[in-house]
Every structure is written in structure tokens, then in C-alpha cells.
Amino acid sequence: MKRGYLYIAFATFLFSTMEIVLKSISGQFNPIQLTLTRFFIGGLFLLPFAVSSLRKKQICIEKKNFLYFAFLGLLGVVISMTFYQLAVENAKASVVAVLFSSNPVFVMIFAYLILHEMIYKRNVIALFLELLGIFIIINPLHTQISAAGIIFTLLATVTFSLYSVFGKKKSQEYGGIIVTCFSFLLGSCEMFLLVLLSHIKTISHILSNVGLSVFAEIPIFSGYTQDNIFTVLYIAIGVTGGGYAFYFLAMEALSTHTASLTFFFKPVLAPILAVIILHEHIPVSMILGILLILSGSLISLYPNWIPAKNLPSQEN
């Protein structure tokens, strides 16, 4: 039991440093290049855990499921994490961290629409509080946050939520760490193919002409120096690989709801670290938004606080 809470502590810290560390090397790498690197290395780091889990369960992955993992990789790595990296490039690390931590609310909506899971009264209250918190943080009437940063963050959050929902079916069959590992590796392979395509002159020329030069001639090995190589390894092995490993170990030692404490504490810890390390300013409106998001998360986490009166699912 105590070991499970230790896993939660490690996962929370690693996930909370994600946006900050990425921001610290922003501009030194092409965002697509960095995404490819961290998920490929992170997937390799998770591979021994995944193989061990397969042996314990005494199961093999069917060929058709590799296609499903490839779909998850496309959604969760190629699409979502590309938006995520672009968000970090265009907005404060603290803003990206807090808004992205609201992904459970979108998971709830997509789980209702796709998996026909029940929505309870407490979920609706949590949804309202978290959306209100997001609205206050964005502060559309007096915002000083980059519009591109907000859009990229929300797109990353929504697509990552879809990745989580579609991955849930296979997680029930294989386990979360197996699904995560192979979706990371296959998603990295898909991204590598896109990187190769970006070096075709015709494609590169078209992308540059339409204002998408960030996707043209994406480098693979350039940009790495003695000053940033350990930061890149920390992002890939520590945050991406280790963070997810500790998160799934916490699920196995405790429960899914208890392990979700990771995303409960991240909106608090990440802005604090952003102030200490990056010296970012946290306005009062953002603090209020964080408190509302935390309130919504707390209501979802402790369902007994509000009667669990459910709303009918689509099947009914």
C-alpha cells in the first residue's frame, strides 16, 4: 500500500516537470523532432515492463491488435503530442500544464459518447467547475495568453482524451502499460515516416508556402549538444517513460481512482515549479481557475460527497 503512494508521488513529480523541462529547451529543437525522440525512447524504456507483463499474463498480442495500437499511436503520439509540443512553444508552461490536466473531463464526455458509460450527477458538477476554471484561466476578455497556445493546448487535450478512451478497451484486455508501450513505439514509427516525407522537396516546398514550415524538412539528429542531451534524456526516459511506468505501477498497487491523484496534484505542483524554475508570473485569475479545476477533480475523485444519481446512457 505504502509503495503504491510512493509510485503516485514519483509520477506526479515527473508529470509536473514535463512542460517546464520542455519549455527550457524550447527553440533548440524542431517540436516534431523532439516528440519523435521522447516517445521512441520512452517506448523502449517501457518495453521490458510490457514484456514482463505479457509473460505474467501468459498472453500474446494478436496481429490485428497491432493495427489498433498503431491507430492509438497515430492519435495519441502523432496528433495529440504534436499539438502538445506546439502548445509548449506558444504558451507558458504553467498554462499548458493546468489546461492539459483537465483532460479527465473530456475523457468523461467521450466515454459517454463512445463507450456509453454512465454519467453521474457528480460528473456534471465536476465538468461545470473544470470548464469554468478553464474559462477563467483563458480569460478571453483580457487574455495575455497566446491564442495559438490556447488552441494547441485544447486540441492536444481533446485528442489525448480520445486516445485514452479508445485505449481503454485494449487496456482491459492487455493492461495499461502494454497498450501504452506499443502505442508509443508504433506512433513513433508513424511519426518517423512523416519526418522522412517532410524531406521530399515537393512536399517540403508546399508546406513552407502555406505557412507550415515547422513540418518541412524536419531534422532527426541535429540540435543535440552536451548542454541539452541530459535534458532530452530526462524528458524521454524520466518523464515519458518513467512517469507512465510509475503511474501504471500505482494502478496495479492501489486502484485507478487512487492513481488518478497524479492528475489531481499536477495542476498545483506544476505552476509552483514554473514560478521557481522559469520565474513565470501566476496571476490571480489563474490561481482561481486552478482552484475550480481542483474542486471538480476532487468531486470526481471522492464520489460519496455527492449522491451518485446517474443520467441515462445512450443505450437507454
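**Aromatic pairs, polar contacts and surface of the predicted model**

Phe 160 and Tyr 163 are both buried. The two residues belong to helix 8, which spans residues 147-174. Three residues separate them, about one turn of the helix. Their ring centres lie 5.6 Å apart. The ring planes meet at 40°, so the pair counts as tilted. Stacked pairs need planes under 30 degrees apart, and edge-to-face pairs need over 60. The structure described here is a predicted model.

The count of aromatic pairs comes to 13. Ring pairs also build a cluster. Its members are Phe 66, Phe 69, Tyr 174 and Phe 182.

The overall make-up of the protein was examined next. The fold holds 14 helices and two strands. The protein has 316 residues, and 49% of them are buried. Contacts between residues at least 6 apart in sequence were also sorted by separation. Of these, 87% join residues at least 24 apart. The accessible surface comes to about 15400 Å². Carbon and sulfur atoms account for 69% of that surface.

Two buried polar residues were followed in detail. Ser 16 is found in helix 1, which covers residues 2-16. Its relative accessibility is 0%, so Ser 16 counts as buried. A polar atom of the Ser 16 side chain lies 2.7 Å from the backbone oxygen of Thr 12. Beyond its neighbours within four places in sequence, Ser 16 is in contact with Lys 266, Leu 269, Ala 270 and Leu 273.

Gln 33 lies in helix 3. At 2% relative accessibility, Gln 33 also falls under the 20% limit and is therefore buried. The Gln 33 side chain reaches the backbone oxygen of Ile 220 at 3.2 Å. Ile 220 is also one of the residues that Gln 33 touches. The others are Ile 218, Pro 219, Phe 221, Ser 222 and Tyr 224, with residues up to four places away in sequence not counted.

Attention then turned to the surface. A nonpolar patch is formed there by Phe 45, Phe 49, Phe 230, Leu 233 and Ile 237. Together these residues present about 430 Å² of accessible area. Helix 3 (31-57) and helix 11 (229-253) each supply at least two of the patch residues. Helix 11 gives the most, with three residues. Phe 45 comes from helix 3. Its relative accessibility is 30%, and Phe 45 counts as partly exposed. Helix 3 thus holds the patch residue Phe 45 as well as the buried residue Gln 33.

Charged side chains were searched across the whole structure. The search finds one salt bridge. Its partners are Lys 64 and Glu 62, whose side chains meet at 3.8 Å, N to O. That distance is within the 4 Å limit, so the pair qualifies. Lys 64 has a relative accessibility of 59% and counts as exposed, because the limit for that class is over 50%. Glu 62 has a relative accessible area of 41% and is partly exposed.

Two further partly exposed residues were placed relative to other parts of the chain. Ile 206 sits in helix 10, residues 201-209. At 48% relative accessibility, Ile 206 stays in the partly exposed class. Ile 206 and Ala 216 are 10 residues apart in sequence. Their C-alpha atoms are 8.6 Å apart in space.

Pro 283 is found in a loop. This loop runs between helix 13 (261-278) and helix 14 (284-301). Pro 283 is partly exposed, with 29% relative accessibility. Pro 283 and Ile 137 are 146 residues apart in sequence. In space, the C-alpha to C-alpha distance between Pro 283 and Ile 137 is 9.0 Å.

Technical notes:
Residues numbered from 1 in each chain as written. Predicted model: local features only at pLDDT ≥ 70, side-chain atom pairs only at ≥ 80, totals over all residues. Heavy atoms only, no water. Buried < 20%, exposed > 50% of the residue type's maximum accessible area, 1.4 Å probe, protein only. Patch = residues over 30% accessible without salt bridge, like charges linked within 9 Å, V, L, I, M, F, W, Y side chains within 5 Å. Areas by Shrake-Rupley, 256 points an atom, 1.4 Å probe, with all protein chains shown as cover. Helix = DSSP H or I, 4+ residues; strand = E, 2+ residues; numbered from the N terminus. Phe/Tyr/Trp six-rings, centres within 6.5 Å; stacked < 30°, edge-to-face > 60°. Polar contact = N/O pair within 3.5 Å; in protein donor to acceptor, adjacent residues only side chain to side chain. Contact = heavy atoms within 4.5 Å.
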